[in-house]
Amino acid sequence: MDLRTTYMGMELKHPIVASASPLAGTVANIKRMEDAGASAVIMFSLFEEQLKHESAALEYLMTAHTESFAESLNYFPEMDDYTVGPDSYLDLLRRASEAVDIPIMGSLNGITNTGWIEYAQLMQQAGAKGIELNVYYIPADLTTSGREVEDRYIEIVKAVKAAVTIPVAVKLNPFFSAIGSMAKSLDDAGADALVLFNRFYQPDFDLSKLEVIPDLHLSTPDEIRLPLLWIAVLYGKLQSSLGATRGVHTPIEVVKYLMAGADVVMTTSALLKNGVDYLTTLRDGLQTWMELNHYDSVHQLKGSMSQRNVADPTAFERANYIKTLESYKGDYL
Amino acid sequence: MTERQVTTIDGNEAAAYVAYRVNEICTIYPITPSSTMAELADQWSSEGIKNIWGTVPMVVEMQHEGGAAGAAHGALQTGALTTTFTASQGLLLMIPNMYKIAGELTAAVFHVAARALATQGLSIFGDHQDVMSVRPTGFCMLVSASVQEAHDMALIAQAATLEARVPFIHFFDGFRTSHEVNKLTLLTDDEMRAMIRDDLVMAHRNRALNPDRPFIRGTAQNPDTYFQARETVNPFYTKVPGIVQAAMDRFAEVTGRRYNLFDYFGDPNAERVIIIMGSGGETAYETAKYLNANGEKVGVLQVRLYQPLSAVHFLEKLPKSVKSIAVLERTKEPGATGEPMYLEVVNTLVEAQMEGALPSGTIPRVIGGRYGLSSKEFTPAMCKAVFDELAKAKPKNHFTVGIVDDVAHTSLDVDPSFVIEHDKVVRAMFFGLGADGTVGANKNSIKIIGDDPEFFAQGYFVYDSKKSGSQTVSHLRFGPDPIQSPYLVQSANFIGVHQFNFLDRGDVLKNAAPGAVVLLNTSPHEPEETWDRIPRPVQQEIIDKKLELYGINADKVARDNGMGTRINTIMQTCFFAISKVLPRDQAIEKIKYSIKKTYARKGEEVVRKNFVAVDNTLVNLKAIAVPAQATGLRELPPVVPANAPDFVKNVTAMMMAGRGDELPVSALPVDGTYPSATTRWEKRNISSFVPIWEPDICIQCGNCSMVCPHGVIRSKFYNEASLESAPHAFKTAPIDARGFPDIRYTLQVYLEDCTGCGLCVEVCPAKSKEKAGHKAINMALKEPVLENERANIDFFETLPEVDRGRVDFSTVRGVQFLPPLFEFSGACAGCGETPYVKLLSQLFGDRLLVANATGCSSIYGGNQPTTPWSINNEGRGPAWSNSLFEDNAEFGLGFRLTADKHLTYAHELLKALAGSIGEALVDDLIEAEQTTEIDIRHQRGRVAELKQRLKEIKDPRAEQLLVLSDQLVRRSVWIVGGDGWAYDIGSSGVDHVLASGRDVNILVMDTEVYSNTGGQMSKSTPLGAVAKFAAAGKVAGKKDMALQAISYGNVYVARVALGANPQQSLLAFREAEAYRGPSLILAYSHCIAHGINMQRGLEQQHLAVESGHWPLVRYNPAVRESGANPFVLDSARPKIPLKQYRYNEVRFKVLAYTNPKEAEHLMELAQQAVNRRWSVYEEMAARGGADFQPIFKH
């Protein structure tokens, strides 16, 4: 059984990748991921905004109230050697890269052009085998056009690509008018992989407190539909690799994503829910399914149900929608 | 030889730099103004900086200075080179060990930032009362007069002590030298090594206790030999002057800087000489130089080795021509025939004459005088007054200078117009707010200018007595020669006024030299709109003195450039742009360099933002045209309103206006007694954002009033008929209670006293249905509502106070109606302590005695000019006092002893006079329950009746009883302080008082750090927290004082956190007070020293409880008496990991930045400790009552 796959030019021993999550916060955990069978690990995202906020907060809180009262001109020991900023992230990346054999990729969530470039370079220097750009941007400004949003993505990819020599993946959100065209533009801009789709932070309301609250749910297997659709559509039409993320909870979703055309399948929620060792279950489950269904290799599986390869390519388009509606009528109407 | 380095630092750093490098062990304890020395030693040690022998000194914090001296003694006895740093009361605590250390001929130097002693009042400021108190201990005393000397003498003292085997105090003036920033040449390690002889170090080690060659030291001696043994040391003291002078000579060879035991400055044939030590000597010398240049013949003898005072060296330096001498001393010994140095000088001269060794032949006239107590300014004009006095035929002896003594008439007249500032020196004064970064920017400017080899720089900073909204005044001098003017700038050629409203408060331009440049932050207005807004008298001064006026709307520039409220960089840029200290372009370049250096670690973006701010500052800085006539319509507002009491108008207001120096002796109370309730006259208006009440949304829960640290939120209920004369904007709502249709409710915010902390908004649970986030109380701009609210407050005060008998004391909702008798303190905005103090005052204020340990609470409670401790409408209120830091529990116990004794005696008198008073009343008075407020009010009625009857009784015992009768109302004794007191310095006293079984209540406001002295570790500091003295994170756990106290069985114990559960806090306070034995309440107090956004203080309290860091518990012995379990856990099992609470606070978070691995490790240990403690508590909470200590009954 050949489970190998190629992602952004890297050969991985199988397609199941631990995606960005707080689980990758320690070297010990990353090591456990490797032991459990992850073929690659994507680090949790380095948020440029948070780094800036932290740095400003520390500066403010350490200097607030100082030089005001004769007996207490300050409140903390003078410290020259503290590191606020990406150092601890990069240190973890460095130590993890040294501790494991599988590729470790950095994940970057930037807000400024300088931030994207500087941190990407630092990640490469720290030993990242690739970088995943997590472009988190809600165009809440009503004067921002779709084109402007798309251009912003493309510029970021170009800038980062020009600054590093390791492969660069872009984790996309599904809110583009024309995802195919957007994917093509990113592919043209040099993205080495597109990862479909990231899950936006979407606030909720707390009705007892009448407050807007951050609320992040783990994904459910139902959520694979949207990425599955677009991976199937994009497969074979781009230079870049395709990563699937969202809703991977059992080996079945892994199989489906591969059939749609994903080169790698990423999971976070399943690991947060079941623990790091669940990676073994996913990999073994993939292998068992392939054995039971007589597949020899992931290569054979990959893209087998993509738009390009299915017998009825319109199944992915509007005709299929009608079919869905019709079928929804079901047997009881 | 390594290259000499020139730097700009303060006196504390200068001394500590050497002390650290020539010792192996530093035993430390924080005390102002010496704390910085200990903090630096600890910091250097944690950074691995080595001493001159290549090893990192060990720095150990002790529980108090007595402990520091004890540990130093032990370390010295076992052969380590050991030092300590202290001041004032700290030095007094060291006295017993100092006798031992000296008696055993031990080489050591204690470095002291000399400070006043607590007498009629505490003072943190500088004088020589502390060092003069240790004269008889046998320590030699070497004095420094400047920052450079503090550095140099530290080394000379160390060299001398090793050779002499006699210990030394090396001291310099607290604040004036310890905190003055000045340019100095640093000693290199090579120079230090050249001064310290290794053979003497070996000898020190060889004298040490050592089981390999055992002996005993520290025996008990008897009448047969003690006396002789005491005399054995004499030869060692005889040699000291020679040894010190030799060390000074060697020092001169090594460094080129020469000192002598006595240095004489002035005319060699002077007839009038001032003898002085410390920084005042420099002022005296500067004055003498000026006077001699104008034809006088005067001189100054600067004393460096004060003890032992070498007659030979002294006489050698004293000009033979001298006819009169004034010995000036920065100390006071009441009842003495003269201050100590005066007596020594007289004695030396007399002895010399008797021996025929007096060079002048006849004894000159000698007068002694006092100056500069508690950092009172000592100026050239004062020196001149002394020289002038010496010229008189009968000069005044035992005089004072610098004050007006209209009682004993000791003071000399001083001519304030005598100012001798040098023209070559740029003298600048900056008036800023503590929060606006002015001092920090000025320290930076001094570094920038001081780094220029062409310039010398000096900085000194004056802070006011408040912890929030405080004013700072920076005094800077820059010039081509070393600056030896240790007094405030008297004639400034640059004045920066960094807050526009300072023009209204006191005379900021008083010291402006004619033609001086004045820089004004015109915010909130533009410079162009400013002139007419300046008060008319200030305009007149600007015109009269021909001042050059510049303005910038600094707040706006700061805001527009992303700098928030910090206007420091902007005002600093303006200073350099217009002061002409350095060429403008060069100065701007240097500022930018400094910005880059400071913020480089924080990223390019921060640097860029600051650069842009600098450039935009230059664009926005405008010259303001000064017309020929003052056109302003505004006069300066009065300091206090006309209806203030006379004392407040005549005395307090002078201090408030910064004119306390002008108050004569007669104006001040003779025994340190001051009136209560004075903060209410001091409308500080320090916040432009204040809470605004929304009656329609409010549910009248009382939470906002409960948590308000400054007591500015008051509630009343009243009959709606009272509203007839209400101002139109007065807010009111129907009371939220059934069955009272005529009763209205008002929540009144005292806007002018608000610090803008926002805790009230955070705690408010009532929200608008229409607008998410809008609450029943919200922060808004003050200015638009101020006038209306002033009228509202006036009206609110006319509404009747609620009858205490009708208030539900058991709920937060009820307690809001009890007026706080602790109001408008100077505590930090958002203080976590003061809500507890305020609650205490509300619940028991009219019969409350407070013993307050020194610390934050004694400062915001008792720092002049005003006190927040207040008085109710019956004229009653808390009686408050502060004794010391270390003895507070014992002090408070004394209150109880008096109350108990006088109650017993009153009962005895009642019984004896029962026939005349009436048996029924006497029985009622003696048997009264006095637990609830109703009981108390009934007893007050009986006491009033008793007083009436006693006046009719013709029996001397009736008079006795009349005086004591107030004691028949049960007194509520509270012993209040912080964790530094309760866990460390006062720990044994707290323990002893708890064990006494007496009815006292101890309230520990636990900030888990020494807050008042700037964040040093206490035994309450949690494992893993970073604090001063624990720069690498504290590695020991926090002491569980609750369990310690519970172990006695008869102590009521509660751990409370008002932010987490105010109802539980309230219950604990009431239970503690009701319990007729000792009580201990440990109250979580969030603090600026935690490195938090203070607005989130209550949330942090909540998280502290939720994470199990601060489990809420109560242990009530009264419950144990009834056989039930006295231990109650009031908080739920920890719900969140400790990390979630801790990482909101810099004190924990910073370790994750400096040493992530250690942070992780300590966090894990701390979590384990929390889990472990919780399981112990849970087990205790599940026990039967019989499983706890039985109660001992008196």
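Here is a short chat about the predicted model above.

Colleague: Before we start, what kind of model is this?
Modeller: It's predicted: local features need pLDDT of at least 70, side-chain atom pairs count only at pLDDT 80 or more, and totals for chains, interfaces and linings use all residues. Residues are numbered from 1 along each chain as its sequence is written, with chains lettered from A and ligands numbered from 1 in the order in which they are written.

Colleague: OK, how many residues does each chain put into the contact?
Modeller: Chain B gives 35 residues and chain A gives 30 residues; residues are in contact if their C-beta atoms, placed from the backbone, lie within 7 Å.

Colleague: And which helix of chain B has the largest share of that side?
Modeller: Helix 40 of chain B, with 4 residues. Helices are DSSP runs of H or I, at least four residues, and strands are runs of E, at least two, numbered from the N terminus.

Colleague: New topic: how do helix 1 and helix 6 of chain B cross?
Modeller: Their axes, lines fitted to C-alpha atoms over the stretch in contact, come within 8 Å and cross at roughly 20 degrees. Angles run from 0 to 180 degrees between N-to-C directions. So helix 1 of chain B is roughly parallel to helix 6 of chain B, a label for angles under 35 degrees.

Colleague: Which residues of helix 1 of chain B meet helix 6 of chain B?
Modeller: Among them are B:Gly11, B:Ala14 and B:Tyr17, and the helix 6 residues include B:His151 and B:Leu155.

Colleague: Last one: in what order do the 7 strands of the open sheet in chain B run?
Modeller: 3-2-4-5-7-6-12, with mixed pairing; strands pair if DSSP finds at least two bridges between them. Strand 6 and strand 12 of chain B pair in the antiparallel sense over 2 bridges, and B:Leu142 has B:Leu305 as its bridge partner.

How values were computed:
Contact = placed C-beta atoms within 7 Å. Parallel < 35°, antiparallel > 145°, perpendicular 65-115°, else oblique.
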